[in-house]
Amino acid sequence: MGSTSMTTSAPIAFFVCSVISVATFHICFCNGISSSLNHTHNNITCFESEREALVKFKQDLIDPSNWLSSWDTVDDCCRWVGVVCDSLTGHVHEIRLQNPYNDQSYFEKEAEYQAYLRYKLRGKVNPSLLNLKHLQYLDLSNNNFEGAPIPTFIGSIATLRYLNLSWAGFGGTIPPQLGNITTIRYLDLGYNFGGVRVGNLQWLAGLVLLQHLDMSCVDLSKALDWLWVTSNLPSLVELHLSNCQLKYVVSPSSTNKINFTSLDILDLSINDLGPSTLGWVLSLNNLVSLDLSFCRFFGPVTCGFQNMTSLRVLDLAYNSFNSTIPNCLYSLSHLESLSLEGNYLQGVISIAVENLTSLVSLDLKSNQLQGNMPTSLGKLCKLKTIDLSYNEFSGEVADVLIGFSRCKSHMIEVFSLHRNHLLGQLPDELGQLKNLYLFDISENSFSGPIPVSIGRLSSLKWLCLSYNKFNGTIPESFWQLAKLESLVVNDNALEGVVSDVNFANLTTLRRLHAGGNSITLKASENWVPPFQVEELNLDSWLLGPQFPLWLPSQRKLTLLSIANTRISDSIPTWIWPIFSKLLYANLSRNQICGEIPSLLNVGDPYPLIDLSFNRLNGSLPLIPSNLVWLDLSNNSFSGSIYHVLCGKGEEPNKSLSFLNLGNNLLSGNIPDCWKHWPKLRVIILENNNLVGGIPSSMGQLQVLQSLHLRHNNLSGELPQTLQNCSSLLIIDLSENRFTGSIPPWMGNALLQLVVLNLRSNNFWGNLAYELCCLSSLQILDIASNNISGHVPRCFANFSAMAEINGNLVDKLYYKNDRYFIDYRASNFRDNAFLVTKGRDVEYSTTLGLVKSMDLSENKLSGEIPEELTKLVRLWSLNLSGNHLTRRIPRNIGDMRQLESVDFSRNQLSGSIPSSMSSLTFLSHLNLSYNNLTGTIPSSTQLQSMTESSFLGNKLCGPPLPSCKPNKTIAPNVVPRGSEEEGDGFSEVLFFASIALGFAVGFWVVLGPLLFKRSWRIAYFKRLLGVSLIRNVMYRRDRVPKRPGGKRRQEFRHLKSELAMPLIGNLKSEIGIGLIGNLKLGLGTPLIGHLKSRFCIPT
């Protein structure tokens, strides 16, 4: 089969070229058969010398499928598979050993893909082919020669006209001897992923008859002559250099050397081309097909294409064009295929799109296009494929569909509007599109009933209406779609009863996703479905109370989801053979009961299992080593988890990435064998009865991102090995009995941390300044511990609490990207439990947007740092139940996103800052039981609070009683220079007095020591002991006096030798504070501490 269908990476060029390839294949293949038949009719047998050459050639091939068995059983080599002889002379003219399953683009069935792999020839290419003196055609494409170099001897087969070695697994350097085949017309060396490369292309210069050249995926980064050589091939019609690492950027002065006189098809996709490339490309006015996808072009789309009057195919997909679609493109009335997919195009589609009267395929998906879809699209009656998915289109599409229905030919085959903002109802005229085989309008807001006319779409194979608002019952005509292979209508508001009779005509169905609707399935006990589906999703259907008895008939199932289907049965034994083939099994949110002894026989190769929210009990089941995803949460499993994690000894599990055993009755210690599970990204063991500490081996989980151990009875200090888990995004250890200080290494090692929840433990000590380095932190909850000291001012470094970081939403979304299935239940969005506005709240889908700080119920003292007001994206701040003093920060009004503020039960004083009136989102406020005075500022939010928000203070004004004029209460609005405005001056005066006192005390104590030598000796005798001083003085006196002050220099060395023991004694005698002043003279032993304190890299 011709390989042109595999030589372009872009969808549109691929479609056009595949048509050409099929035609080429038909002609060549039929000629081969005709030659063989004529040869047989004329009683001409193959030449013995050529037969022997072919036998030697086969001996070096590995044929796992025994595809070439005829080479062993048939005498006449002209009747061998893949061999074509001349009908007159009997000489071997062609060897066609391309894989018969050679469509690289798409395999509709798994069996086809397995056959493709099985039919791949391996081994090596024997030089005996040189004895085929009349060989003109050699095709070894779509095989696997396992990185072997392209044989040099092929360059000596002087009669070759066609050589195809694409997709064949060759590697190494392309032999320049191929340039000796001066008769060659077709040369395809593309898509060999064994690292094929070439230093230059000078060897191509002599191939003057070459018409087709494909070197896609060949490394041409060193071939700077690629453009000069290829442009001077006089017969070249088709050139494919996709993904070749092209680096040569043409200067405008050299464009006159480019001489593509015969070129019709040019593919330069997936290369990092410079902007000057467009200049010479646009000068090729005779081009019929141009593919510049994935070339990193940017800026507006150029209008230079309007001069290419012969152009039929234009592919500019996946660049960075960021303009509107220029009007000049709408003037290309001869254009048949246009792809602008995957750019940043904006604006609307102009009504001038109706000028593209020749258009057969239009692909604008994955842009930022918006507005209504112009009804003029419906006038493009030659259009077969339209894909506008992943945009921001709005409005209705009924008029567009009605327009297509008025076309006489009804050519439209593919219609995709997936993931936009479209709405309205589908028109009855939809049923007139007789050739439509793919209709995808999923993830929009379409509503109303499914039209009855949809049953007239007799060609329909793929129907996707999921994630819309369709309601009512499924029309009876719907079940007449006999060619339907994929039916995806999940997550709508459909209802009613579906019986087994409805499925009678759906014999080709392979994919049925109808979950998320309120539908009842009524099937007889002996019903055997007429289809064999591979994916089945009936979530939220009424199937129970027993497991459906027809499930065992579905022998090809790889995905099964029957969550929330009211099954209250125990798991029957016949379901385990089904599990053995499943890649995904979701039986969650039912009332399934009983025990599960083992899951060791579940699917291959990498299954996902979700049995959460049931009534399963007993011990946890054993799990296989190839499991990827396991969710047994919210059941009644009991006992230890040791046998699950450690039961296989030293055998590692290199697949499991998600483990959720939360909300069970599990007990005992957390096992210390996590080194066997190196791929784990999410561990959830919350709400059990686990005891002991966190095992040190958990620190070997280097890709761990989420750790949930909340609400157990865990204790001890946090192991230092956790600092090796540098990918951690979420740590939730709340409601346990952990002790010790909050480790400083968290701030140095866990720099990606988004959520840190240590609530309700027994942590103590000061908050380490190293924690300020957690710039990605969005949620900090250390409430209800024994933390003391001050609130660090450097908490202002939590930049994620001060900025909009939408990308963190995606970080907390763990996607099962191992399978390309449109099924959201195989994904997991992380969650966190927070106490906000006085109640426990679980955040999941919006967790990445939550920004909260809770330091309540500790022993924190000092003032609330003014620097905290820089966290302007914070929406919840709780400092209640501490010993905080002084004023509420005056700039608290800058934190305009605050919805909840709790400063109650502290010792705050002064008035409520007037800036608090700016908190327009505030819905929960508690300032009770402090020493606040004055008038409550006036604002809608503050006056809407209850009196309980201000109790235990000396405040007045709504919602409290009004202030009395003769009562001496400090007013809220103060004259210049006093109250709030005077705070700054009083703070400066306060710190100035401290500095002055320190200076006076320092010189009073240490001044005499500096000027009176006998006092110094007496002091240090007392401080360090006589023996150390004698040693110092003895060694100093041993240093001889030398001219030039060298004795002083050597004494400095002596001081540095004694610096460290001296520091140790001083630390114990007078504390670390004084050492900070003395270190300048004794070395820099404390610099490391200061670096970590202020987040300075080491």
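A residue counts as partly exposed when its relative accessible area lies between the buried limit of under 20% and the exposed limit of over 50%. Tyr318 has a relative accessible area of 32%, so this residue is partly exposed. The model in which Tyr318 was examined is a predicted one. Tyr318 sits in the loop that connects strand S15 (313-315) with strand S16 (320-321). Together with Ile270 and Phe294, Tyr318 makes up a nonpolar patch on the surface. The accessible area of the three residues together is about 240 Å².

The chain as a whole was then considered. It contains 19 helices and 64 strands. Of its 1098 residues, 52% are buried. The exposed area of the chain is about 48000 Å², and carbon and sulfur atoms supply 53% of that area. Among contacts with a separation of 6 or more, 57% are between residues 24 or more positions apart.

The interior holds a largest nonpolar core of 259 residues. Met215, Phe439 and Met853 have the most contacts inside this core. Beyond neighbours within four places in sequence, Met215 is in contact with residues including Ile174, Val198, Trp203, His240 and Cys244. A second core is separate and has eight residues, among them Tyr584, Val628, Trp629 and Val682.

Helix H7 (residues 398-405) has seven of its eight residues buried, so the helix is largely enclosed by the rest of the structure. The buried residues of H7 are Ala398, Val400, Leu401, Ile402, Gly403, Phe404 and Ser405. They pack against strand S22 (414-416) and strand S24 (438-440).

Strand pairing was traced through S47, S49 and S51. Strand S47 (residues 737-740) runs parallel to strand S49 (residues 762-766), and two bridges join them. Thr739 has Asn762 as its bridge partner in S49. S49 in turn is joined by three bridges to strand S51 (residues 786-790), again in parallel. Here Trp764 has Asn786 of S51 as its bridge partner. The loop between strand S48 (755-757) and S49 contains Ser760. Ser760 is not a glycine, yet its phi is positive, at about 55°. With 27% relative accessibility, Ser760 is partly exposed.

Side chains of opposite charge can pair when their charged atoms come close. The whole structure has 20 salt bridges. In one of them, Asp72 pairs with Lys58, with 3.5 Å between the closest N and O atoms. Asp72 belongs to helix H3 (residues 70-73) and Lys58 to helix H2 (residues 48-59), so the salt bridge ties together parts 14 residues apart in sequence. Asp72 is exposed, at a relative accessible area of 55%. Lys58 is buried, at 18% relative accessibility.

A further salt bridge is formed by Arg710 and Asp732, at 3.9 Å from N to O. Arg710 lies in the loop between strand S44 (706-708) and strand S45 (713-716), and Asp732 in strand S46 (residues 730-732), so the pair ties together parts 22 residues apart in sequence. Both Arg710 and Asp732 are buried.

Glu863 and Arg793 also form a salt bridge, with the closest N and O atoms 2.4 Å apart. This pair links distant parts of the chain, 70 residues apart. Glu863 is in strand S57 (residues 859-863), whereas Arg793 is in the loop between S51 and helix H11 (807-811). Arg793 is partly exposed, with a relative accessible area of 37%. Elsewhere, a network of salt bridges links Glu341, Asp363, Lys365 and Asp387.

Backbone geometry was examined last. Most residues other than glycine have a negative phi, and most peptide bonds are trans. Tyr390, although not a glycine, has a positive phi of about 55°. Its place is the loop between strand S20 (385-387) and strand S21 (392-395). Tyr390 is partly exposed, with a relative accessible area of 37%.

The peptide bond from Gly544 to Pro545 is cis, and its omega is near 10°. Pro545 falls in the loop between strand S32 (535-537) and strand S33 (559-561). Pro958 and Pro959 are likewise joined by a cis peptide bond, with omega about 10°. Pro959 is located in the loop between strand S64 (954-956) and helix H13 (979-1011).

How values were computed: Residues are numbered from 1 along each chain as its sequence is written. This is a predicted model: local features need pLDDT of at least 70, side-chain atom pairs count only at pLDDT 80 or more; totals for chains, interfaces and linings use all residues. Side-chain values use heavy atoms; hydrogens and water are left out. Two strands pair if DSSP finds at least two bridges between them. Helices (H or I, at least four residues) and strands (E, at least two) are DSSP runs, numbered from the N terminus. Patches are made of residues with over 30% relative accessible area and no salt bridge: like charges are joined within 9 Å, nonpolar side chains (Val, Leu, Ile, Met, Phe, Trp, Tyr) within 5 Å. Accessible areas come from the Shrake-Rupley method with a 1.4 Å probe; for residues, only the protein chains shown count as cover. A salt bridge is a side-chain nitrogen of Lys or Arg within 4 Å of a carboxyl oxygen of Asp or Glu. Buried means under 20% relative accessible area, exposed over 50%, partly exposed in between (1.4 Å probe, protein chains only). A nonpolar core is a set of buried Ala, Val, Leu, Ile, Met, Phe, Trp, Tyr and Cys residues joined through side-chain atoms within 4.5 Å. Contact means heavy atoms within 4.5 Å.
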